[in-house]
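Dear colleague,

I am handing over the structure that we spoke about, and my notes on it follow directly below. Please read them beside the coordinates.

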Amino acid sequence: MSTSRSQIESPAVPAWLQAAPFALVFLVFFVLPLVFVVIVSFWDYNDYEMLPAFTTRSYVESFEGCWTQLPDLCTILKTYVSTAKFCFIVWAATLAIGFTVAYFLAFHVRSITTQMVLFLLCTIPFWTSNVIRMISWIPLLGRNGLVNQLLMNAHLTATPLEWLLYSPFSVALAFVHLFTFFMVVPIFNSMMRIDRTLIEAAYDSGASAWQTLWSVVVPLCKPGIVIGSIFVVTIVMGDFITFGVMGGQQIASAGKVVETRLDALQFPPAAANAVILLGVTLLIIVALNRIVDVRKEL
Amino acid sequence: MREGRSPAFYALAVFFAAFVLFLYGPMIVIFILSFQGPSGGLTFPMNGVSLHWFERLWQGGGIVDIAGAFKRSLQLGIVVMILTVALSLSAGLAFRKRFFGAGALFFVAVASLIVPSIVTSLGIALEFRLLDDFLKSHGPALIADGLTTTMGLFTSGLGAHLTWTLPFGLLVMFAIFNRFDQRYEEAARDLGATPWQTLRHVVLPIILPSVIGVGLFGFTLSWDEIARSSQAIGERNTLPMELQALTTTVTTPDIYALGTATTGVSFLVIALALGAIAILRARQARHGSDAGQA
């Protein structure tokens, strides 16, 4: 946020008034709702409605069996461990692909125009709905889909592979498909800021291409990598749509637990699970922030 | 940087091409399959080529109230677009000066992008439910009687969408004003323009192309939004929500036709916006001497 702060004298409208409508929207539709989530998570409920009486029932029920079932994992821990696994796989894949793509665009494409054209080429799919991008895998990965047809024609498999669609595989694939670009943008941005003479200097000092990449480019890209990681990890953590559509509504995730409770109109447990989800998400961001102070980089 | 193309360049170029194919391939497949013949199914082979599924979609055959959902999404998208432009522009101007709580407001806006959408959506739903309960028990009879819910497309739904589009709008505004040459404003002031005249006749014309970009961003973000709408949209779904619901039930290429049609609208809006931006840029280049060439 490096908006130039030079003073503009005698504004017609005071700054706070200009910002007021914007601030009001976030107060009414973001800050207050979060407060209500926390409050309601401590309310009681029955089959029909929520009851405004303080209780930790929703939290106790959410963590039910977590202590007594040890060393087996209780439901909520299992769900979080499984979601964390997806986070890790998707993070690793998007980072590897995103870094390579950004590296190509930033260091190997020489003209700025070509860079911009290729960059735009990658953004166009983002102008369509995520659901459409998800269902577009059905004709490819389905039981009678293209991949299975090819595999069977090549006699690599006798029966169609069932794990291609509505499976953990398709969920992870869809995440990578949808969100790799969130990794490309900040890393590309970091790479474009790298002073090219540093790389020349590394070569002149006898560093190999790999050494330059590893000891010069990667450390200087850290802010971009961290920002991209925050985006990808928080998206996977809170997602329920991709898990739902690509998992055939059969795969649990941290975000989907909240949705399931809501479908049953159990608001206090849904709120408690939302608070837990929010807490875990914030912990991850704080941990990633320890690596790089993101605010300095904006 | 270096002379000649290294082998690494070709390896990376192939990787990039594969990435682009990965991005586009599936979309192209459903685009083709949406023209499936009347007896065709969800996968290849094509059983003829026809507009059958688009016709069915148009007549609303097979799918419930797609036309209604389409209209609702379009209306909401337009309102979100207008408000996103107006509020982000106003807030962007405010952030160029100092004001109490500027840091906190920026933090809240960024937090809104990072907090899982389902949490925000649930919060808004709870807020409106509690408001309903309050109005029914304490509100004046005029309101309390006959009130079903205050939740709806243009109350809770609109708010939910704005918490998603406004942070992006503000970030784009920062980028715009970072590049803005303040000497234009100073010149206008020196010539005796009031702050309003400066804004109206100097600042706005220069940044207008980027402001259209913000509007475009606002519309498409709203047009495709599901996660935040999921609990907060009220009784009637938007188009992407209908589409999501269809994924579990539909077994015909209807859904591909719908996908192709929705994508078509997105691309149309983008084309219109980019066209407007190009025309404005050309006008600036012709008329405004050297104005706008930041």
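What follows describes the contact between the chains, then one helix, then one helix pair.

This is a predicted model, in which local features need pLDDT of at least 70 and side-chain atom pairs count only at pLDDT 80 or more, while totals for chains, interfaces and linings use all residues. Residues are numbered from 1 along each chain as its sequence is written, and chains are lettered from A and ligands numbered from 1 in the order in which they are written.

In total, 78 residues of chain A are in contact with 78 residues of chain B (C-beta atoms, placed from the backbone, within 7 Å). On the chain A side, H1(A) gives the most, with 19 residues (helices are DSSP runs of H or I, at least four residues, numbered from the N terminus).

Helix H1 of chain A covers residues 15-41, and its 27 residues should span 39 Å at 1.5 Å a residue (1.5 Å times one less than the number of residues), which agrees with the 37 Å between its end C-alpha atoms. H1(A) nevertheless has a kink of about 40°, centred on Leu27(A) (the angle between axes fitted to the seven residues ending there and the seven starting there).

Helix H3 of chain A (residues 75-108) packs on helix H1 of chain B (residues 7-33) at an angle of about 125°, with the axes 10 Å apart (lines fitted to C-alpha atoms over the stretch in contact, with angles from 0 to 180 degrees between N-to-C directions). Residues of H3(A) including Phe104(A) and His108(A) meet residues of H1(B), among them Phe9(B) and Phe19(B).

With best wishes

Note on methods:
Helix = DSSP H or I, 4+ residues; strand = E, 2+ residues; numbered from the N terminus. Contact = placed C-beta atoms within 7 Å.
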